Every structure is written in C-alpha cells, then in structure tokens.
Amino acid sequence: MFQAWRTALFGIYGFRNFTRQSFVEHSKKYKEEDMLIPMEGKNCVVTGANSGIGYATAAGLASRGANVHLVCRNRERGEAALAKIKSSTGNPNVFLEICDVSSMSDIKSFVSRVSSRGEPVHVLVNNAGILNNERVVTPEGLEASFAVNGVGTFALTELMLPLLKKAAPDARVITISSGGMYSAPLYNDFQFDERNFDGSRQYAQDKRLQVALTEWWSEVHGKDGVGFYSMHPGWADTPGVATSLPGFRQRLGDNLRTSEEGADTVVWLCLQPKDKLTSGGFYFDRAEAPKHLHLAATAGSHAHISTLTRRLLSLSTISS
Ligand SMILES: NC(=O)c1ccc[n+]([C@@H]2O[C@H](COP(=O)([O-])OP(=O)(O)OC[C@H]3O[C@@H](n4cnc5c(N)ncnc54)[C@H](OP(=O)(O)O)[C@@H]3O)[C@@H](O)[C@H]2O)c1
C-alpha cells in the first residue's frame, strides 16, 4: 500500500519535471559559458558508452578535447560507437575498452589493464545501467540488474579510486541514477530474492543505492580530492527505454528528451569547477535536487549505508 503511494508521488513529480517540455523550460536558465570549458588532457572513463545517454556523454566530452575511454560489453557495438565519435568530433583520443560491468572478474581485469598504464583518471562516469523485467542471474550468482547498477557501480568505483586520487584535486565520479529512486527506500534485499521479482522496483532500489553510495563515498573519500555526484537525466528516449519500458515510451512519445538532453547535466557535471558543486549531491537539470520526495518516507533508510557497503564489499569480491 505504502509502495503504491510512493510510486504515485514519483509519477506526479516526474510528469511535472522530467519530460522534454520541462527540459526546454529549465534550459532557459542555462548559461552558455558553462559548457565552453575545455577538457584537453583530461582522462575520462564512460561506462555503457555505445548508446543512449552514455554515447551522448562520451561524444560531448570528446568534442571538448578530452581523452575518452568508452567502456562497452560488446565489441561490435563499441567499435561502431568509437568510429562514430571519432569522425563526428575529429578527436583521435577516443578509445574502446571491453568490460561487462555485471562481471566482477571483468571489472577487476579492466581496472588492472587501466592501472598498468599509470595514468590518472580525472572523470569516471558510471552510466551503464539496465532494467530487467525478468529475474536473471549472472554466472557469478548476482541478480543481473543489481550486478550492473549496484555492485558493478560499487566495485568499479572502489577499484578506480587510486587512479582518481592521482588526478586529485580535479577528480570526480558521476553516477547516473534515476528519478525512479524517489519511489524506493534503501533496501537490504539487494538481490530481490526474498519476494516476487519486480524489475521496476529492483531498478528503483538499485538507483536509490547509487544515490546513498555517492553520499557515503563523499564522506569517506571527500578529503582525498575526489568529488562524487549522482544525477537524474530526466526521461529520455534511448534504446534502454525502448526495450525495458515500451508502454511508457509510447505514452510519453515526443515528450521524451533526446539522449543529448539526457546527457546535458552529465556533461555539465564533468565540466564545472568543483567548488561550484556539492560533493555527495544529487543533480537534475544543472542544479542540485532533493534526494527524497516530501511524504515518501525514504530519507531515514540512508542511515544503513555503512552496513550495506560491507555486504557490497563481500558480494563484489574485490577485497580478496
Ligand atoms: N533514458 C532514461 O529515461 C533514463 C532515466 C533515468 C536514468 N537513466 C539511466 O541512464 C543510464 C543510461 O541509460 P540509457 O537510457 O541511455 O539506456 P541504454 O541506451 O540502454 O544505454 C545503456 C548502456 O549501458 C550498457 N550496458 C548495459 N549493461 C552493461 C554491462 N553489463 N556492461 C557494460 N555495459 C552495459 C549498454 O550496452 P549494450 O548496448 O551492450 O546493452 C548501453 O551502452 C542508465 O544508468 C539508466 O538507468 C535513463
């Protein structure tokens, strides 16, 4: 019953704020100069960069001169994105890295390859994300959407921290959460194995976890010169939405944002001087946004994050 109330609150808030129409409205206040900051010499890693918001983010960073590493699970789709970004931006410093971020073993070998180059990482964009309508388990025994959105985000960020610290004080981690997290408290049934599986609820819980983790990382590592930001791109028409939420996509039609509009605040967060931003904060349409909706009773749940990170550490197997 309370869950239905939270979902209704989220729906009303979303239709008021997350559509294309609201992007057009909010963008009237945007400052052109915010996006004119060059990124030459900055090493940026973007996960899930072959389509949708991740592709638009990678292209946006490459067009500003950054060295961009596209992290993709599928070589063919990754190579197509690489070729398209190089030719549309004229930037030769765009590279493809193959890594399935639902696999802890893939993440470990990817980070070990990047670490062996000895270069700092200025920007990590945790964009790869999925909403599975059926419960699927990875070969490592993890529920597949939690593997990508939850423990994969945790493991990759934790393992990349030494490289990010090398770029301090200019290092930042941007995690693409979702407004869907407004409908969920921080939950401890990570793998959704104690109840009947509901893909949208699992997704909302994963996305809540990303927001709470961002807060926690900021508290634990903030003094090391790394900034942590979570964000919501709004509702954008991407291959992911077409596959996972076809009914929603049909209902919204032209009122869905483009991938570039969805990526706008991601690129903005990559570019802004860090003293303009709040580490641990949640952003939407180039501004800090609330992490909880009034009357949704989700705020208290964040108090458990330290305990949950111990479980994430164990599930990710990164400490062994
Ligand atoms: N679109 C929206 O309205 C919306 C709203 C809120 C939040 N978001 C968030 O925005 C992010 C991007 O989503 P999108 O809408 O742009 O969807 P998308 O077009 O499906 O893009 C998702 C990207 O993640 C990649 N990916 C998925 N699983 C992966 C894995 N195991 N390893 C490596 N890469 C993987 C996909 O690669 P493949 O091509 O190989 O599948 C794809 O490149 C997600 O975190 C999503 O939750 C989107």
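## Loops, sheet, helix contact and ligand shell

P169 sits in the loop that connects α6 to β5 (171–176), and in this predicted model the peptide bond between A168 and P169 is cis, with omega at about 5 degrees. A further backbone feature concerns F192, a residue other than glycine whose phi is positive, near 50 degrees; F192 belongs to the loop between β5 and α7 (199–221).

The strands are organised as an open sheet of eight members, whose order is β3-β2-β1-β4-β5-β6-β7-β8 and whose pairing is mixed. The edges of this sheet are β3 and β8 (287–288), each of which pairs on one side only. Two of the pairings, both parallel, are set out below.

| Strand pair | Sense | Bridges | Facing residues |
|---|---|---|---|
| β1 (residues 43–47) and β2 | parallel | five | V45 opposite H69 in β2 |
| β2 (residues 67–72) and β3 (residues 94–98) | parallel | five | V71 with E97 in β3 |

What does the chain build from β2, β3 and the helix α4? Together with helix α4 (residues 75–89), the strands β2 and β3 make up a β-α-β unit, and this unit is right-handed. The helix α4 also packs on the sheet, where α4 touches β2 and β3, and the direction of α4 makes about 170 degrees with that of β3.

A separate packing arrangement involves helix α6 (residues 144–166) and helix α11 (residues 305–316), the axes of which come within 10 Å of one another and cross at roughly 85 degrees. Because the range from 65 to 115 degrees counts as roughly perpendicular, α6 is roughly perpendicular to α11. On the α6 side the contact is made by V151, F154 and A155, while α11 contributes L312, L315 and S316. Sorted by class, the residues of this contact are five nonpolar and one polar, with no charged residues.

Where, finally, is the ligand placed with respect to the residues and elements of the chain? The ligand is surrounded by 30 residues, and the closest of them are G48, G52, G129, T238 and G240. The elements that give two or more residues to this shell are α3 (52–63) and α8 (239–244). In terms of class, the shell around the ligand holds 15 polar residues, twelve nonpolar residues and three charged residues.

Taken as a whole, the description covers a mixed, open sheet of eight strands, a right-handed β-α-β unit made by β2, α4 and β3, a roughly perpendicular crossing of α6 and α11, and a ligand with 30 residues around it.

How values were computed
Residues numbered from 1 in each chain as written. Predicted model: local features only at pLDDT ≥ 70, side-chain atom pairs only at ≥ 80, totals over all residues. Pairing = 2+ DSSP bridges. Helix = DSSP H or I, 4+ residues; strand = E, 2+ residues; numbered from the N terminus. Right-handed = clockwise from strand over helix to strand, strands pointing away. Near = placed C-beta within 6 Å. Nonpolar A, V, L, I, M, F, W, Y, C, P; charged D, E, K, R; others polar. Axes fitted to C-alpha atoms, helices over the stretch in contact; angles between N-to-C directions. Parallel < 35°, antiparallel > 145°, perpendicular 65-115°, else oblique. Contact = placed C-beta atoms within 7 Å.
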